[in-house]
Every structure is written in structure tokens, then in C-alpha cells.
Amino acid sequence: MVQMEAMWFSFLLILVVISPVESQLKTGFYSSSCPRAEAIVRSTVETHFNRDPTIAAGLLRLHFHDCFVQGCDGSVLITGSSAERNAQPNLGLRGFEAIDDAKSQLEASCPGVVSCADILALAARDSVDLSDGPSWQVPTGRRDGRVSLSSQASNLPSPLDPVSIQRQKFAAKGLDDHDLVTLVGAHTIGQTDCSFFRYRLYNFTATGNSDPTINQAFLAQLKALCPKDGDGSKRVALDKDSQVKFDVSFFKNVRDGNAVLESDQRLWGDEATRSVVQNYAGSIRGLLGITFDNDFPKAMIKMSSIEVKTTDAQGEIRKLCSKFN
């Protein structure tokens, strides 16, 4: 009986810890204060997407990088030499102009109401939807943070991370192995520079060898795309089969040794993450990826709730996304 009471008390404690964030963010937060908020963000993202479909991956990554430093508070959008945006892991981020565009339209329609952090969360959802991926209801009500420091971005996940370190970094944000693999699935529409993986092709063990986990036919393709002394900034699709379509072919590539980044390929070498990859990749040719389409929105909602600020004491509603008020 004592043990049961202790378990019940622990459960109550968990509820106390979890429920405040869930109750602070809610779907339709702007339904009265700015009824067209979500439609304005959607229309802006769609305009930018129609010009360049690769912007979808940029906006998704922007939201991810924002949430992993200081929580989902728009801190990655701030400009300045010591700001988060200028940290080494963030130098390749893109999509800022789409966020600024949406913000200026929202300020014209509902001044001082919609946060930049919420615009990021909505734009990430719309990017996935426009790329033939799932859609979901985004809980909103975030405030924009008042701190943005490049020194705090050092713990962002890196393409060099083994699964043990990836697991550690995600766990620190309350995300488990399943969330890790599901969220990395966003790479189905991503791109990366040759400089981030070229060592796998030509000097993996510092003795001139290639990474033995790369499929030999794919290795030849990657070498053709990224010559040893070629342009390190050349962009390469992270999903060789459908780079602008949000689907499960990324997981099939990981399974078959066709992942571009070392951190992605390592997901197949760890027992726990491999089972999730296998589940999404499927064993039937042409599987529609229904499981992934169901899981990705859940993982995004969970990630989008990391360390959110929801009161005036915690944050503000910026007038410009790139500057504190």
C-alpha cells in the first residue's frame, strides 16, 4: 500500500511538472486576437516555397535549431556578432527572410500580437505539409526570448555525433530514442554541404580510407558529386531518391547504407535506433510510410514545447524578429 501511495505521489509530481507547459500552449491561441495569423504564415511560406521548394527544409531546421538552444523562443533569429545565429553550427541556417516576411504582414494585420517563436513553429508545420508530408495542429502562445548567445549553441547535434552523444543531447531536452529517429527523419527534405561529409569519402580513418558503412555504388555517386579537392560548399541532398518530398525513402537509405551524414548512418548501427529506422523503412517495397506520418507530428509537438516562455516575465512579442524590443 505504501509503495502504491509513493507511486501515485510520483505520478502527481509528474503531472505537476508536465501540465503547466501543455496548458500554457494551446491550439487556436490567436483565434480571437489575430484570427488570420495561421493563414498569413501559411500563405507567406507557400509563396517562398513556390519560388524555391528547398526553403521547406531550411524553415524546418531553423525551428529545430531554435528549440535546442534556450527553448523554442525565436532566439536563433536575432542578429548580432555574439548572437546564436552566428554560432558555428548555425552558419548554414536559411529561411530567415520568410519568417521576416510573415512577421511584417502579421504586424500590419495585428500589431504586437504574434510571436516570432510561434511563426517558426507554424512555418515548420506548413513546410512539411507543402512537401507532401503530414499536417498537424500547432499549439501556440510562445513568447520571444530576450537572450541570444552564440556560446550557448555549442551543444546542438552535430553530423559527427555517434548515437550515444545524439541520445544524450536529445535526452537533455526530454526527447527519447524514438523522438530522435523520428525528428532526424526531417532529413528526407534536407541538404548539406560537401564539407560536412567529405571526410567519409576520402579520409575516414585519417589514413585515406572511405567509411566502410557506405554502400559502394552510393560511394561512387558521392565522390562524383564531391571531388576530393572540389568546392566544399556544394549542396547535396540528404535523401538521394526524393529530395523535395517528405517521405520514408530517407529511412530506406539509412537501412541500405545510403545515408550522406555519418550521424544518420550510425542510427542503423545502434540496436534501439535501428528498430525505429526499420519500422519506418518497412520491408515491403513501396510502403506508404503511414507510421512515420503519424509519429512525426507527435514528435514535432513535443519538440516545439521545449522550455517555452509563455508570460510577460519570461519573454516578449518582438516587433522585428531579428531584434529585441
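The following exchange introduces a predicted model through its helix packing, its largest pocket and one of its disulfides.

Biologist: At what angle do helix 3 and helix 4 pack, and how are the two therefore described?

Modeller: The axes of helix 3 and helix 4 lie 9 Å apart, and the angle at which the two helices pack is about 80°. Angles of 65 to 115 degrees count as roughly perpendicular. Helix 3 and helix 4 are therefore roughly perpendicular to each other.

Biologist: Which residues make that contact, and how many of them are charged?

Modeller: Helix 3 contributes Ile 55, Leu 59 and Leu 62, while helix 4 contributes Phe 96, Glu 97, Ala 98 and Ile 99. By class, six residues of this contact are nonpolar and none is polar. Glu counts as charged, and the number of charged residues in the contact of helix 3 with helix 4 is one.

Biologist: How is helix 3 oriented to helix 13?

Modeller: Helix 3 covers residues 55-67 and helix 13 covers residues 290-303. The two pack with their axes 10 Å apart, at an angle of about 40°. That angle makes the orientation of helix 3 to helix 13 oblique.

Biologist: What is the class make-up of the contact between helix 3 and helix 13?

Modeller: On helix 3 the contact involves Leu 60, His 63, Phe 64 and Cys 67, and on helix 13 it involves Phe 296, Met 300 and Met 303. Divided by class, the residues of this contact are six nonpolar, one polar and no charged.

Biologist: Which element gives the most to the lining of the largest pocket?

Modeller: The largest pocket holds about 920 Å³ of space, and 37 residues line it. Among the elements that each supply at least two lining residues are helix 6, helix 7, strand 1 and helix 11. The greatest contribution, six residues, comes from helix 3.

Biologist: Which lining residues lie nearest the centre of the largest pocket?

Modeller: By class, the lining has 20 nonpolar, 12 polar and five charged residues. Those nearest the centre of the pocket are Arg 61, His 65, Pro 157, His 187 and Leu 261.

Biologist: How far apart in sequence are the parts tied together by Cys 34 and Cys 110?

Modeller: Cys 34 and Cys 110 have their sulfur atoms 2.0 Å apart and form a disulfide, which is right-handed, with 75° about the S-S bond. Cys 34 lies in the loop between helix 1 and helix 2, and Cys 110 in the loop between helix 4 and helix 5, so the separation in sequence of the parts they tie together is 76 residues.

Technical notes
Residues are numbered from 1 along each chain as its sequence is written. This is a predicted model: local features need pLDDT of at least 70, side-chain atom pairs count only at pLDDT 80 or more; totals for chains, interfaces and linings use all residues. Side-chain values use heavy atoms; hydrogens and water are left out. Axes are lines fitted to C-alpha atoms, for helices over the stretch in contact, and angles run from 0 to 180 degrees between N-to-C directions. Helices (H or I, at least four residues) and strands (E, at least two) are DSSP runs, numbered from the N terminus. Angles under 35 degrees count as roughly parallel, over 145 as roughly antiparallel, 65 to 115 as roughly perpendicular and the rest as oblique. Contact means heavy atoms within 4.5 Å. On a 1 Å grid over the protein atoms alone, a cavity is a set of points where a 1.4 Å probe fits but cannot get out, and a pocket is an open set with protein on both sides within 12 Å along at least five of seven lines; lining residues have an atom within 4 Å of a point. Grid points are joined across faces, edges and corners, and a volume is the space filled by probe spheres set on the points. A disulfide is a pair of cysteine sulfur atoms within 2.5 Å.
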